[in-house]
Amino acid sequence: MEIDEQTILKHIHKAKKGEASGFTFLLDHYWNQVYGFQIKRVNNEYEAEDITIETFSKAFDRIETFDENYAFATWLIAISKNIQIDRSRRKNAGVYENTTDTSDEQVQRIPDQAPTPEDILIREQNLAQLLRYIKQLKPQYQDVINLRYFQERSYKEMAEILEEPLNNVKVRLLRAKKLLAEIIQENDSR
């Protein structure tokens, strides 16, 4: 299904207001484009995924600065490209540190509120079956699902445990829930 510019702008406006549905739509719609761009650049699935997560984290953190006269995809790709260049420079310099801002103001950007359709679908599953589905995810996605749903950790606690910036954890959990919901729906339709 083709999504028009008006629909994209509507979701950008929602994200600028802090609505989770806006962030989720943008993540779902642009994930493959940003990930595909990075996989061609770094030729490493895990690094491309990490850069893509960081790209969305930074973009969501600074969504209010997005100029709607330009294409959102172009803005995301520019952010992604800069992150990849910065990482390469740090690796080449022998120093690697994550500089994503996780101040209290930034923590509030991606809301942690009402359950999403993915949350509802995940909760409705039989526990044994759900565990089998979770095992189909990559380990980094299994970790965030486990921390959030089985250990009932807050985003802040998850960030501390995973030693990741808070916004990266939020984006990784969004992606994990989406992938898990797809696995559940695929198996339910059989």
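1. Reading along the sequence, you will meet the pattern α-α-α-α-α-α-α-α-α-α. In other words, the protein has 10 helices and 0 strands. Please keep in mind as you look around that this is a predicted model.

2. Now for the overall picture. The protein has 190 residues, and 46% of them are buried. Take the contacts between residues at least 6 apart in sequence: 65% of these join residues at least 24 apart. Keep that in mind when we come to individual residues below.

3. A good helix to start with is H3, which covers residues 45-61. You can check its length yourself: at 1.5 Å a residue, its 17 residues should span 24 Å, and the C-alpha atoms at its ends are 24 Å apart, so the two values agree. At its N-terminal end, asparagine 44 acts as a cap, with a side-chain oxygen 3.0 Å from the backbone nitrogen of tyrosine 46.

4. Is H3 largely enclosed or largely open? Of its 17 residues, 14 are buried, so the rest of the structure largely encloses this helix.

5. Next, the inside of the protein. In soluble globular proteins, nonpolar side chains tend to be buried together. Here the largest nonpolar core holds 48 residues, and the members that touch the most others are Leu26, Tyr30, Phe56, Phe72 and Leu180. Two or more residues each come from helix H1 (5-16), helix H2 (20-42), H3, helix H4 (72-93), helix H7 (127-134), helix H8 (139-150), helix H9 (155-162) and helix H10 (166-188). H10 provides the largest share of this core, with 10 residues.

6. How do H8 and H10 pack? Their axes are 9 Å apart and meet at an angle of about 100°. Angles of 65 to 115 degrees count as roughly perpendicular, so H8 is roughly perpendicular to H10. On the H8 side the contact is made by Gln140, Tyr141, Val144, Ile145, Arg148 and Tyr149. On the H10 side it is made by Arg172, Leu173, Arg175, Ala176, Lys177, Leu179 and Leu180. To see how such a list can arise, remember that an α-helix has 3.6 residues a turn, so residues three or four places apart point the same way.

7. Arginine 172 deserves a closer look. This residue sits in helix H10, and its relative accessible area is 5%, which means that arginine 172 is buried. Its side chain joins that of aspartate 50 through a polar contact of 3.0 Å. Which residues does arginine 172 contact, leaving aside its neighbours within four places in sequence? They are Asp50, Ile53, Gln140, Tyr141, Val144 and Glu164.

8. Asparagine 168 is also worth finding, again in helix H10. Is this residue buried or exposed? With 3% relative accessibility, asparagine 168 counts as buried. A polar contact of 3.1 Å links its side chain to that of serine 57. Asparagine 168 and threonine 52 are 116 residues apart in sequence, yet their C-alpha atoms are 9.6 Å apart in space.

9. Finally, try glutamate 5, which belongs to helix H1. Its relative accessibility is 53%, and exposed means over 50%, so glutamate 5 counts as exposed. The C-alpha atoms of glutamate 5 and phenylalanine 72 are separated by 9.7 Å, although the two residues are 67 residues apart along the chain. Phe72, you may recall, is one of the core residues that touch the most other members.

Terms used
Residues are numbered from 1 along each chain as its sequence is written. This is a predicted model: local features need pLDDT of at least 70, side-chain atom pairs count only at pLDDT 80 or more; totals for chains, interfaces and linings use all residues. Side-chain values use heavy atoms; hydrogens and water are left out. Helices (H or I, at least four residues) and strands (E, at least two) are DSSP runs, numbered from the N terminus. The expected span of a helix is 1.5 Å times one less than its number of residues. Buried means under 20% relative accessible area, exposed over 50%, partly exposed in between (1.4 Å probe, protein chains only). A polar contact is a pair of N or O atoms within 3.5 Å; within protein, one must be able to donate a hydrogen and the other to accept it, and residues adjacent in sequence count only if both atoms are side-chain atoms. A nonpolar core is a set of buried Ala, Val, Leu, Ile, Met, Phe, Trp, Tyr and Cys residues joined through side-chain atoms within 4.5 Å. Axes are lines fitted to C-alpha atoms, for helices over the stretch in contact, and angles run from 0 to 180 degrees between N-to-C directions. Angles under 35 degrees count as roughly parallel, over 145 as roughly antiparallel, 65 to 115 as roughly perpendicular and the rest as oblique. Contact means heavy atoms within 4.5 Å.
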